[in-house]
Amino acid sequence: MPRTSFITRAIQEVPGYAPIYELFRKYLENNYGSQGTVEDYLRSHAKLCVHFGRLPQLVTIPEYVNYCHDICKKEDASFSTYKLIRYAVVQYFEFINVTPPKAAVPRWHKPERIPETLNVSE
């Protein structure tokens, strides 16, 4: 079975996603010169929508808290993945002219690791 992109899945599965997708894409293209950034934000936004089965403004505060907590606590969680989701949510709420709930955009609190010494002479 071929893999389906998150954007395609969101268009097919999330009520209300299809009508806003093109407008949100154009909004991002108007505000960001990089096509890669636009695609990353769209994919992250679609991933969030598919996860919850609805648009971000319909997700509850407890759901955002649990979702962000789960992402931060994963062993393989990367800052870049988290940052893309966070900024995609911020951009979407800006697009619909609504202030995002603070629970939807928490800060990254992954503990810093002490760098390993590469050799004894350092």
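## Aromatic rings

Two rings of Phe, Tyr or Trp count as a pair here if their centres lie within 6.5 Å, and planes over 60 degrees apart make that pair edge-to-face. Keep in mind as you look around that this is a predicted model.

With that rule, you get 10 aromatic pairs. Take tyrosine 92 and phenylalanine 93: their ring centres sit 6.1 Å apart with the planes at 75°, so this pair is edge-to-face. Tyrosine 92 and phenylalanine 93 are both buried. They also belong to one aromatic cluster, made up of Phe24, Tyr27, Tyr92, Phe93 and Phe95.

## The overall layout

Stepping back, the protein has 5 helices and 0 strands, so to speak an α-α-α-α-α pattern when you read along the sequence. It runs to 122 residues, and 32% of them count as buried.

How much of the contact picture comes from residues 24 or more positions apart? Among contacts with a separation of 6 or more, such pairs account for 63%. As for the outside, the protein exposes about 8400 Å², with carbon and sulfur atoms supplying 54% of that area.

## Helix α3 and its surroundings

Helix α3 covers residues 35-52, which makes 18 residues. From first C-alpha to last it reaches 26 Å, close to the 26 Å expected at 1.5 Å a residue. Have a look at both ends, too. At the start of α3, a side-chain oxygen of serine 34 comes to within 3.3 Å of the backbone nitrogen of glycine 36. Just after the helix, glycine 53 takes a positive phi of about 75°.

Plenty of α3 is tucked away: its buried residues include Val38, Tyr41, Leu42, His45, Leu48 and Phe52. What covers the buried residues of α3? The cover includes α1 (6-13), α2 (17-31), α4 (61-73) and α5 (79-95).

## The nonpolar cores

The largest nonpolar core holds 18 residues, and the members touching the most others are Tyr17, Leu28, Leu42 and Leu55. Helices α1, α2, α3 and α5 each chip in at least two residues of this core. There is also a second, separate core of 12 residues, with Leu48, Tyr67, Cys68 and Cys72 among them.

Leucine 28 is a handy place to zoom in. Skipping residues up to four places away in sequence, leucine 28 touches Val38, Tyr41, Leu42 and Gln91.

## Three residues to visit

Start with isoleucine 7, which lies in helix α1. Is isoleucine 7 buried or exposed? Its relative accessibility is 19%, and the cut-off for buried is under 20%, so isoleucine 7 counts as buried. Leaving aside neighbours within four places in sequence, isoleucine 7 is in contact with Tyr17, Tyr21, Leu42, Arg43 and Ala46. Alanine 18 is 11 residues away from isoleucine 7 along the chain, and their C-alpha atoms are separated by 9.3 Å.

Next up is arginine 25, in helix α2. Its side chain is joined to that of glutamate 29 by a polar contact of 2.8 Å. Beyond its neighbours within four places in sequence, arginine 25 is in contact with Val38 and Leu42.

Finally, head to asparagine 97, in the segment after α5. Asparagine 97 has a positive phi of about 60° although it is not a glycine. With a relative accessible area of 71%, asparagine 97 is exposed, because anything over 50% counts that way.

Definitions and conventions:
Residues numbered from 1 in each chain as written. Predicted model: local features only at pLDDT ≥ 70, side-chain atom pairs only at ≥ 80, totals over all residues. Heavy atoms only, no water. Phe/Tyr/Trp six-rings, centres within 6.5 Å; stacked < 30°, edge-to-face > 60°. Buried < 20%, exposed > 50% of the residue type's maximum accessible area, 1.4 Å probe, protein only. Helix = DSSP H or I, 4+ residues; strand = E, 2+ residues; numbered from the N terminus. Expected span 1.5 Å × (residues − 1). Contact = heavy atoms within 4.5 Å. Polar contact = N/O pair within 3.5 Å; in protein donor to acceptor, adjacent residues only side chain to side chain. Core = buried A, V, L, I, M, F, W, Y, C linked by side-chain atoms within 4.5 Å. Areas by Shrake-Rupley, 256 points an atom, 1.4 Å probe, with all protein chains shown as cover.
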